[in-house]
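User: Please take up the model shown below with me, one question at a time.

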Protein chains: 2
Amino acid sequence: MLYIYIMNETFVNKWKSQVKKGTLTFIVLNVLQENEFYGYEFIEEIKKLTAIEIAEGTFYPLMNRLKKENLVSSKWIEQESGIPRKYYILTETGKDTLIQMQSYWEDLSKSIKKISQ
Amino acid sequence: MLYIYIMNETFVNKWKSQVKKGTLTFIVLNVLQENEFYGYEFIEEIKKLTAIEIAEGTFYPLMNRLKKENLVSSKWIEQESGIPRKYYILTETGKDTLIQMQSYWEDLSKSIKKISQ
DNA sequence: CAAAATACATAGTTATGCAATGTATTATAT
DNA sequence: ATATAATACATTGCATAACTATGTATTTTG
């Protein structure tokens, strides 16, 4: 009994991390559409506001990929006290790309609703 | 101009295939909740009804993973004419697992709506 | 009778999330 | 005073899953 439950739970946990592939990119770009934020803040905020937990080892490589793809840029902001923060900004290419992604996401959501009735 | 557009398009295409990770599992299990189907039929039907295209090289390994995890079972059905078809059926474990997945998916959808306003 | 459609399947490539680990600074608690 | 936790960014290696290309075999269509 317990064994089967644990088996299920690990499957669901693995699935959740698979669902994040792509989804996290979409979430980050969406939030950047209306805000500038730095990494640590973003991870904490998303954890508080939503069901989504993002590991640091996921977030920083993700942002570097988005920078390499020219979808976001970044700037270091010195603090009066404390460690400097790296803020991320959506580029024009990022905005254009996001629009295409939003269109696909909406279709996908509708499709899944249709399928699951 | 064209160059940038193509760059964007390949990024979006790669992103779409990343979004499918996990999502396809969810879709398959949802559809199996109310139907039995065989592979080729499922791929074609989903293509007609939704925005989702599933490569055969994605589908068959996916179903074998789900069988290995005991979420689905399968049975060969001989045809009066033509190649036999392998039908897939949701198991009890599959039903339980799907309920957990549906709960997470709903939270995720809501979160994304909240984030993108 | 050749080509397309039906039907299932696998190997290798590619991309991404995560745990573990690292560096460095600042705030808090004992 | 000083150890611990919190803040802040970052990388390495592993596991997982989608896709392309390819394969087999049968049936239908042009």
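**Loops, contacts and cores**

User: Asn70(B) lies in the loop between α3 (56-68) and β2 (72-77) of chain B. What is the phi of Asn70(B)?
Analyst: The structure is a predicted model, in which local features need pLDDT of at least 70 and side-chain atom pairs count only at pLDDT 80 or more, while totals for chains, interfaces and linings use all residues. Residues are numbered from 1 along each chain as its sequence is written, with chains lettered from A and ligands numbered from 1 in the order in which they are written. Elements are DSSP runs numbered from the N terminus, helices (H or I) of at least four residues and strands (E) of at least two. Asn70(B) is not a glycine, yet its phi is positive, near 65°.

User: Is Asn70(A) buried, partly exposed or exposed?
Analyst: Asn70(A) also occupies a loop, between α3 (56-68) and β2 (72-77) of chain A, and has a positive phi near 70°. Burial requires 20 or more other C-beta atoms, placed from the backbone, within 10 Å; 12 or fewer make a residue exposed, and values in between partly exposed. Because 16 other C-beta atoms lie within 10 Å, Asn70(A) is partly exposed.

User: How do the residues of the surface near DNA strand D divide by class?
Analyst: Of the 32 residues around this strand, Gly39(A), Tyr40(A), Gly57(A), Gly57(B) and Thr58(B) come nearest; near means a C-beta atom within 6 Å. The elements giving two or more residues are α1 (2-32), α2 (39-49), α3 and β3 (85-90) of chain A, with α1 (2-32) and α3 of chain B. Asp, Glu, Lys and Arg count as charged, Ala, Val, Leu, Ile, Met, Phe, Trp, Tyr, Cys and Pro as nonpolar, and the others, including Gly, as polar. The surface near DNA strand D holds eleven nonpolar, twelve polar and nine charged residues.

User: Which element gives the most to the side of chain A that touches chain B?
Analyst: There are 34 residues of chain A in contact (C-beta atoms within 7 Å) with 34 residues of chain B. At least two residues come from each of α1 and α4 (92-116) of chain A. By class, this side has 15 nonpolar, 13 polar and six charged residues. With 15 residues, the element that gives the most is α1(A).

User: How are the two copies related?
Analyst: Superposed by least squares on C-alpha atoms with pLDDT of at least 70 in both, chain A can be laid on chain B with an RMSD of 0.0 Å by a turn of 180° and a shift of 0.0 Å along the axis. The copies are therefore related as by a two-fold rotation axis.

User: Which element gives the most to the largest nonpolar core?
Analyst: A nonpolar core joins buried Ala, Val, Leu, Ile, Met, Phe, Trp, Tyr and Cys residues through C-beta atoms within 7 Å. In this one, of 21 residues, Ile27(B), Leu29(B), Leu32(B), Val72(B) and Met101(B) touch the most other members. Elements with two or more residues in this core are α1 of chain A and α1, α3, β3 (85-90) and α4 (92-116) of chain B. With six residues, the element that gives the most is α1(B).

User: What is the bridge partner of Ser74(B) in β3(B)?
Analyst: Strands pair if DSSP finds at least two bridges between them; β2(B) and β3(B) do so in the antiparallel sense over six bridges. Strand β1 (residues 37-38) of chain B also pairs with β3(B), antiparallel over two bridges, where Phe37(B) stands opposite Tyr88(B). The bridge partner of Ser74(B) in β3(B) is Tyr88(B).

Technical notes
Contact = placed C-beta atoms within 7 Å.
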